[in-house]
Amino acid sequence: QVQLVESGGGLVQPGGSLRLSCAASGSIFNGNPMGWYRQAPGKQRELVASIRGGTTTYADSVKGRFTISTDNAKNVYLRMNSLKPEDTAVYYCYVDHNIRSWGQGTQVTVSS
């Protein structure tokens, strides 16, 4: 059974930075696709960033501001710079193995 635990969310002022972390446990291996989605109130969940091997993809709205990375098969990070109020959302990490497993979500609020 694969479990994901996110951390690092919080309240930050516009222009600030946060680093989200996601620790995975269970039967996953280096190269499993991992990534981050977010869901703002009243909106659909959207893909923010993904990583598979050395290949990364980003939503247009976060390109140049967010960076996804991993340090092994079981930890994935999202560095978020130049945060904007529209980045406010619950952020969820995921990993694809035989199914897609999700974390519980971490709240990011960008407000002055």
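This tour moves through the model stop by stop, naming what to select and what is found there.

**Before you start**

This is a predicted model: local features need pLDDT of at least 70, side-chain atom pairs count only at pLDDT 80 or more, and totals for chains, interfaces and linings use all residues. Residues are numbered from 1 along each chain as its sequence is written, and side-chain values use heavy atoms, with hydrogens and water left out.

**Stop 1: strands E1, E3 and E8**

Strands (E, at least two residues) and helices (H or I, at least four) are DSSP runs, numbered from the N terminus. Two strands pair if DSSP finds at least two bridges between them.

Select residues 3-7, strand E1, together with residues 18-25, strand E3. The two run antiparallel and are joined by five bridges. Pick out Gln3: Ser25 in E3 stands opposite.

Now add residues 75-80, strand E8. E3 and E8 pair in the antiparallel sense, over six bridges. Here Arg19 faces another arginine, Arg79 in E8.

**Stop 2: strand E4 and its two partners**

Select residues 34-39, strand E4. Five of the six residues of E4 are buried, so the strand is largely enclosed by the rest of the structure. Buried means under 20% relative accessible area, exposed over 50%, and partly exposed in between (1.4 Å probe, protein chains only).

Show E5 next. E4 and E5 run antiparallel, with five bridges between them. Trp36 stands opposite Ala49 in E5. The hairpin of E4 and E5 has six residues between the strands. Zoom in on Gly42 there: its phi is positive, near 75°.

Then show E9. E4 also pairs with E9, again in the antiparallel sense, over six bridges. Val95 in E9 is the bridge partner of Met34.

**Stop 3: Val48**

Select Val48, in strand E5 (residues 46-52). Is Val48 buried or exposed? At 1% relative accessibility, Val48 counts as buried. Display its contacts (heavy atoms within 4.5 Å). Not counting residues up to four places away in sequence, Val48 touches ten residues' worth of neighbours listed as Trp36, Tyr37, Arg38, Thr57, Tyr58, Ala59, Val62, Phe66, Leu78 and Tyr91. Draw a C-alpha line from Val48 to Tyr91: the two are 43 residues apart in sequence and 8.8 Å apart in space.

**Stop 4: Val62 and Thr57**

From Val48, step to Val62, in the loop between E6 and strand E7 (66-70). Val62 is buried, with a relative accessible area of 0%. Beyond four places in sequence, Val62 touches Arg38 and Val48. Pro33 is 29 residues away in sequence, and its C-alpha is 19 Å from that of Val62.

Go on to Thr57, in strand E6 (residues 55-58). Thr57 counts as partly exposed, at 39% relative accessibility. Its contacts, leaving out residues up to four places away, are Val48, Ala49 and Ser50. Show side chains for Thr57 and Ser50: they make a polar contact of 2.4 Å. A polar contact is a pair of N or O atoms within 3.5 Å; within protein, one must be able to donate a hydrogen and the other to accept it, and residues adjacent in sequence count only if both atoms are side-chain atoms.

**Stop 5: Ser101**

Select Ser101, in strand E10 (residues 100-102). Ser101 is buried, with a relative accessible area of 10%. Its side chain makes a polar contact with the side chain of His97 (2.7 Å). Ser101 also touches Val2, Leu4, Cys93, Tyr94 and Val95, not counting residues up to four places away in sequence.

**Stop 6: Ser82**

Move to the loop between E8 and strand E9 (89-96), and select Ser82. Which sign does phi of Ser82 have? The value is positive, near 50°. Most residues other than glycine have a negative phi. Ser82 counts as partly exposed, at 41% relative accessibility.

**Stop 7: the largest pocket**

Finish at the largest pocket, with a volume of about 170 Å³. Of its 13 lining residues, the closest to the centre are Arg38, Lys43, Glu46, Ser61 and Glu86. The lining divides into two nonpolar, four polar and seven charged residues. Ala, Val, Leu, Ile, Met, Phe, Trp, Tyr, Cys and Pro count as nonpolar, Asp, Glu, Lys and Arg as charged, and the others, Gly among them, as polar.

A pocket here is an open set of points on a 1 Å grid over the protein atoms alone, where a 1.4 Å probe fits, with protein on both sides within 12 Å along at least five of seven lines; lining residues have an atom within 4 Å of a point. Grid points are joined across faces, edges and corners, and the volume is the space filled by probe spheres set on the points.
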